[in-house]
Amino acid sequence: MIEEIILKLNQIFITVLELDEDAYLDDLDLENDERYDSLAQVLLIAAVESEFNISIKASDYENFTSYSAVKNVLKDYQL
């Protein structure tokens, strides 16, 4: 994945989840962070779609459960 894409994705997570700029994101997931709830999940999907000018398929929504999973989804969209 291109570094520019990762930096944009990092900023999306930091903004939506209101994290510190230096937050470690690789272990971030829906089950281990109270800020990462269902509303945050929807906001992440919307922010990713807007930032990368893509339309996430409804079948991929369920994969927005962790930072790593979202990176994998973006790989599927060839980003």
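**Helix 2 and the loop before it**

The buried residues of helix 2 pack against helix 1 (3-16), helix 3 (58-61) and helix 4 (67-76), with contact meaning heavy atoms within 4.5 Å. Helices here are DSSP runs (H or I, at least four residues), numbered from the N terminus. This is a predicted model, so local features need pLDDT of at least 70 and side-chain atom pairs count only at pLDDT 80 or more, while totals for chains, interfaces and linings use all residues. Residues are numbered from 1 along each chain as its sequence is written, and side-chain values use heavy atoms, with hydrogens and water left out.

**Faces of helix 2**
- Ala40, Gln41, Leu44, Ile45, Val48 and Phe52 are buried (under 20% relative accessible area, 1.4 Å probe, protein chains only).
- Looking down the axis of helix 2, those buried residues sit within an arc of 145° (taken from the directions from the axis to the C-beta atoms), so they line one face of the helix.
- Over on the other side, Leu39, Val42 and Ser50 are exposed (over 50%).

**Ends of helix 2**
- Asp37 caps the N-terminal end, with a side-chain oxygen 3.3 Å from the backbone nitrogen of Leu39.
- After the helix comes Asn53, which has a positive phi, near 55°.

**Asp33 in the loop**
- Asp33 sits in the loop between helix 1 and helix 2, and Asp33 is buried, at 14% relative accessible area.
- A polar atom of the Asp33 side chain lies 2.8 Å from the backbone nitrogen of Arg35.
- Leaving aside residues up to four places away in sequence, Asp33 touches Leu19 and Leu28.

Definitions and conventions:
Helix = DSSP H or I, 4+ residues; strand = E, 2+ residues; numbered from the N terminus. Polar contact = N/O pair within 3.5 Å; in protein donor to acceptor, adjacent residues only side chain to side chain.
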